[in-house]
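Student: Hi, could we go through this model together? I'd like to talk about burial and charge pairs.

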Amino acid sequence: MPGIQLAGVVPKNSAEQFELAFWESIKDSSHVSDYEAYLKAYPKGRFVALAQARIARLRAGAAQAPATAAAPATPAREPARPVAPPPVKQLPSKPAAPAATAAAPAAPPAKPAAGRSEIRDCPTCPSLITLPAGSFTMGNNASDPSEKPAHEVAIGAPFAIGKTEVTVGQWNACANANVCARIPQAANTHADAPMRDVSWDDALQYLKWLSAATGKPYRLPTEAEWEYAARGGTATTYWWGQQMTQGKANCKDCGQPWTSEGPANVASFGANPYGLYDTSGGVWEWVSDCWHNNFKGAPADGRSWDEPNCRVRVIRGGSWREGAAYMVASTRFRYDASVRHAQNGFRVARGMK
């Protein structure tokens, strides 16, 4: 099938265009789960028969081959992304990425910026960075339409947010307690790999367990809290500056360590000025907010922007499969709350009371 050409800066918010974008993003995948996600999102879609045929072929091949982890095929154009993948970003100036160099050395442990601290509520709990109340400019007037308008947000109360994305080992503590689903990961996945293939609903189940186990009010960060933390006190395109720099994030254009098979372990790259790792790349991260097509009418106080019976939720930060343009601090998109996808994970947050 020839590649589907998506015109310009996409979201026109038509169901047909979202479906075409989703199919384009997975059409070369060797993961059954990608086609299953399509069928769940579009049970009457135009590519249902083809998706079912791909699933049958992949399962037949797996039955004939030794049991090994299947590596995703390199897509012809865009990397596989969640439902209605983000449009190709039109950045005001996009420098050519420097040539890849040798693998970056392991990042030294980061210290939280002045006035912040690191806490951990139990041995298997995610480490948290405490952040004070503060104000920042959210969004980006020079990027994707969904990130406009840039607007001032005041975070009125201190909160704590995960130092890294929730890891496989941390998730498995909940699975071992027979609360969270035991979601298969690729063979030889390290306990420090970011947990992925989790839905928004899965994330809420983990947070409910974590809150009960610790007596602390764990939750997903709001979208405003997430961007406040991800920017690390900066106002530049990327948290590290205006230019893409290799060795700063886990993406296909970001330098080593990188592999198409899966994301690097958490904290393989340096932390932002607030001491948070992997806010760019790694896995897409669920936040609490309902999806809105832009920031018109968005709350200015950092609270979650919700709607009754909302089933489409915001994801932030890009993943290891994306290119450099998706590493900007304002990158955002959406996904159905009930669907698992191999690029989706999350980090936790909680109040300080």
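Tutor: Happy to; we'll take one helix and then some salt bridges.

Student: What should I know about the model before we start?

Tutor: This is a predicted model, where local features need pLDDT of at least 70, side-chain atom pairs count only at pLDDT 80 or more, and totals for chains, interfaces and linings use all residues. Residues are numbered from 1 along each chain as its sequence is written, and side-chain values use heavy atoms, with hydrogens and water left out.

Student: OK, helix α6: how many of its residues are buried?

Tutor: Nine of the nine residues in α6, which spans 223–231, are buried. Buried means under 20% relative accessible area, exposed means over 50%, and partly exposed is in between, using a 1.4 Å probe and protein chains only. Helices (H or I, at least four residues) and strands (E, at least two) are DSSP runs, numbered from the N terminus.

Student: Which charged residues are among the buried ones there?

Tutor: The buried residues of α6 include Glu223, Glu225, Glu227 and Arg231.

Student: And what does the backbone do just after α6?

Tutor: Gly232 follows, with a positive phi of about 60°.

Student: Back to Glu227, then. Which residue does Glu227 form a salt bridge with?

Tutor: Its partner is Arg316, with the closest N and O atoms 2.8 Å apart. Arg316 is in strand β8 (residues 312–316) and Glu227 is in α6, so this pair ties together parts that are 89 residues apart in sequence. Arg316 counts as buried at 0% relative accessibility, and Glu227 counts as buried at 0% too. Salt bridges that share partners join Glu223, Glu227, Arg231, Arg316 and Arg332 into one network.

Student: What's the salt bridge rule here, and how many does it give?

Tutor: A side-chain nitrogen of Lys or Arg has to be within 4 Å of a carboxyl oxygen of Asp or Glu. By that rule the count is 13 salt bridges.

Student: Which residue pairs with Asp202?

Tutor: Asp202 pairs with Arg340, and their closest N and O atoms are 2.7 Å apart. Asp202 belongs to helix α5 (residues 200–214) and Arg340 to the loop between β9 (332–336) and β10 (344–346), so the pair links parts 138 residues apart in sequence. Asp202 is buried at 11% relative accessible area, whereas Arg340 is partly exposed at 36%.

Student: How about Arg59: what is its partner?

Tutor: Arg59 forms a salt bridge with Glu36, the closest N and O atoms being 2.5 Å apart. Arg59 sits in helix α3 (residues 48–64) and Glu36 in helix α2 (residues 32–41), so parts 23 residues apart in sequence are tied together.

Student: Are those two buried or partly exposed?

Tutor: Arg59 is partly exposed at 47% relative accessibility, and Glu36 is partly exposed at 35%.
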